[in-house]
Amino acid sequence: VRLSHACVVACLAVAAHVCPPAVAEVGAAIFEAKCVACHAGGGNALAPTKTLQLDALAKNGFTTTEELVPLLRNGKGRMPAYQGNIPKISRLTDDELASVAEFVLGEAADGWKPG
C-alpha cells in the first residue's frame with residue numbers, strides 16, 4: 001500500500017496527539033534542560049542540605065506531586081520560579097511542572113541511580 005505524503009503527515013499528527021511522550025520522558029527532558037545545573041544526581045549545588053534525595057524531600061515537606069509543584073511554580077530562595085512574571089521562554093505549564101515533579105519523586109524513590 002502506498003500512502004500519499006499528506007496521509008502520512010496526518011497519521012503522524014494523530015499518533016503524536018493520541019500517544020504523547022511518557023510523563024517521565026517529558027519530566028526528564030525538562031529537568032535536564034532547566035534543573036540539572038544545580039540538581040545533578042539529586043544534589044543541590046546551592047543549598048547542600050536541601051537535596052532531591054527522598055529523605056531530604058520528606059524532611060522539607062515534598063513527598064507528593066501536589067506538594068512539589070508549587071515550589072516549582074513559585075521558586076524559593078535562589079531557586080527560580082517557572083511561572084508568573086518571568087520571560088515567556090522560561091515558563092512551564094502546569095502539566096510540565098507536574099511532569100518534572102513526578103520525575104523528581106520517581107528518581108528520588110530510586111535513589112537517583114545513573115542510567
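Here, Ala, Val, Leu, Ile, Met, Phe, Trp, Tyr, Cys and Pro count as nonpolar, Asp, Glu, Lys and Arg as charged, and the others, Gly among them, as polar. With that split in hand, the lining of the largest pocket sorts into 17 nonpolar, five polar and four charged residues. Keep in mind that you're looking at a predicted model.

**The fold at a glance**

The chain has six helices and zero strands, so in the helix and strand bookkeeping, DSSP runs numbered from the N terminus, there are just helices to follow. Reading from the N terminus, the order is α-α-α-α-α-α. Of the chain's 115 residues, 27% count as buried. As for contacts with a separation of 6 or more, 51% of them are between residues 24 or more positions apart.

**The largest pocket**

Back to that pocket: its volume is about 590 Å³. The lining has 26 residues, and the closest to the pocket's centre are His39, Asn44, Leu71, Lys76 and Met79. Which helices each supply at least two residues of the lining? They are α2 (23–34), α3 (36–39), α5 (65–74) and α6 (94–109).

**The nonpolar core**

In soluble globular proteins, nonpolar side chains tend to be buried together. In this model, the largest nonpolar core has 21 residues. Phe31, Leu52, Leu57, Leu68, Leu97, Val104 and Trp112 are the ones with the most contacts inside that core. Helices α2, α5 and α6 each put in at least two residues, and α6 gives the most, with eight.

Leu68 is a handy place to zoom in. Setting aside its neighbours within four places in sequence, Leu68 is in contact with Phe62, Ala101, Val104 and Leu105. Val104 turns up again here, as both Leu68 and Val104 are among the core residues with the most contacts.

**Salt bridges**

How many salt bridges does the model have? The count comes to two, and here they are side by side:

| Salt bridge | N to O distance |
|---|---|
| Arg73 and Asp94 | 3.3 Å |
| Asp110 and Lys113 | 3.9 Å |

Take the Arg73 and Asp94 pair, with its closest N and O atoms 3.3 Å apart. Arg73 sits in helix α5 and Asp94 in helix α6, so this salt bridge ties together parts that are 21 residues apart in sequence. Arg73 is partly exposed, at a relative accessible area of 24%. Asp94 is partly exposed too, with a value of 45%.

In the other pair, the side chains of Asp110 and Lys113 meet at 3.9 Å, N to O. Are these two residues buried or exposed? Asp110 has a relative accessible area of 41% and is partly exposed. Lys113 reaches 54%, and because exposed means over 50%, Lys113 counts as exposed.

**Two more residues to look at**

Glu102 has its place in helix α6. At 39% relative accessibility, Glu102 counts as partly exposed. Its C-alpha atom is separated by 9.6 Å from that of Glu66, and these two residues are 36 apart along the chain.

Where does Pro48 lie? Look in the loop between α3 and α4 (54–59). Pro48 is exposed, with a relative accessible area of 60%. The C-alpha atoms of Pro48 and Cys38 are separated by 10.0 Å, with the two residues ten apart along the chain.

How values were computed: Residues numbered from 1 in each chain as written. Predicted model: local features only at pLDDT ≥ 70, side-chain atom pairs only at ≥ 80, totals over all residues. Heavy atoms only, no water. 1 Å grid on protein atoms, 1.4 Å probe; cavity = no way out; pocket = protein on both sides within 12 Å on 5 of 7 lines; lining within 4 Å. Points joined across faces, edges and corners; volume = space filled by probe spheres on them. Helix = DSSP H or I, 4+ residues; strand = E, 2+ residues; numbered from the N terminus. Salt bridge = Lys/Arg side-chain N within 4 Å of Asp/Glu carboxyl O. Buried < 20%, exposed > 50% of the residue type's maximum accessible area, 1.4 Å probe, protein only. Core = buried A, V, L, I, M, F, W, Y, C linked by side-chain atoms within 4.5 Å. Contact = heavy atoms within 4.5 Å.
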